[in-house]
Amino acid sequence: GTDTQNKNARLVAGCSPLQPVRNDALNTYVLQAQFQSHAPAANGAPVLLVTRPKAHPGFDSPRMAYVRKAHELEYFARNQWVDTPEKMLAPLLVQAFEASGAFGAVSQAAGTVTAQLRLESEIVRLQQEFTAAPSRIRFTLRAQLIDVAGRRILATREFDVSENAASDDPYGGVVAANQAVQRALSE
């Protein structure tokens, strides 16, 4: 009987409301941005096709990356993006270019429209850096604008934006990441 009583006592103690609750829940976050619309484009303005961005290795999964020392990429265990950053960025690119008023139309779907211009982009980095206080998000996007008919690159630009995090935790990084994406796409 003593072994059974001890086992029952352990079971009751394990179910006690006074025991700390383990929270192994996974927190998921999204990249979001809002853009103010400008005047509509003039008739004959070019149509832009926005291809889905690519991402450098290490930034091509939903895992949220951070850096504590140079050249060492780490990932938060219980915090991640709701999808890969490049999938979340694609509709934001479309929204940013639509809001600019510089294009007759902006599309994400190849083959559904005849586009004069194509935008190809690549996420070089999206990471929270804990190398200084406060931590900061660093977002780097490389973009190329291509003349479809002429098959030539019209422009290449790298947007490198840093935003300080309000708190040194994943959520602070998410808020800063959204600000960095908004700033980069507004440029």
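A residue counts as buried when its relative accessible area is under 20%. In this predicted model, Glu163 comes in at 16% relative accessibility, so it falls on the buried side of that cut-off. Glu163 is also half of a charged pair: its side chain meets that of Arg183 in a salt bridge, at 2.7 Å from N to O. Arg183 belongs to helix α3 while Glu163 belongs to strand β9, so this contact ties together parts that are 20 residues apart in sequence. As for Arg183, its relative accessibility is 37%, which makes it partly exposed.

Strand β9 has another such link to look at. Arg157 forms a salt bridge with Glu187, and the closest N and O atoms sit 3.5 Å apart. Here Arg157 is in strand β9 (residues 152–164) and Glu187 is in the segment after α3 (170–186), so the pair ties together parts that are 30 residues apart in sequence. Both ends are partly exposed, with Glu187 at 48% relative accessibility and Arg157 at 43%.

Turning to the other charged contacts, the count for the model comes to 9 salt bridges. Side chains of opposite charge can pair when their charged atoms come close. One of these pairs is Glu72 with Lys69, whose closest N and O atoms are 3.3 Å apart. Glu72 is partly exposed, at 32% relative accessibility, whereas Lys69 reaches 52% and counts as exposed. Then there is a small cluster to pick out: Arg125, Arg138 and Asp160 are linked in a network of salt bridges.

Strand β2 is a story of burial rather than charge pairing. In a regular strand the side chains alternate between the two faces of the sheet. For β2 (residues 47–50), both of those faces are covered. Val47 and Leu49 are buried on one side, and Leu48 and Val50 are buried on the other.

Strand β2 also has two pairing partners to describe. With strand β6 (residues 105–107) it runs parallel, joined by 3 bridges, and Leu48 stands opposite Val106 of β6. With strand β7 (residues 117–129) the pairing is again in the parallel sense, over 3 bridges. In that case Val50 has Leu119 of β7 as its bridge partner. Leu48 and Val50, the two residues picked out in these pairings, are both buried on one side of β2.

Methods:
Residues are numbered from 1 along each chain as its sequence is written. This is a predicted model: local features need pLDDT of at least 70, side-chain atom pairs count only at pLDDT 80 or more; totals for chains, interfaces and linings use all residues. Side-chain values use heavy atoms; hydrogens and water are left out. Buried means under 20% relative accessible area, exposed over 50%, partly exposed in between (1.4 Å probe, protein chains only). Helices (H or I, at least four residues) and strands (E, at least two) are DSSP runs, numbered from the N terminus. Two strands pair if DSSP finds at least two bridges between them. A salt bridge is a side-chain nitrogen of Lys or Arg within 4 Å of a carboxyl oxygen of Asp or Glu.
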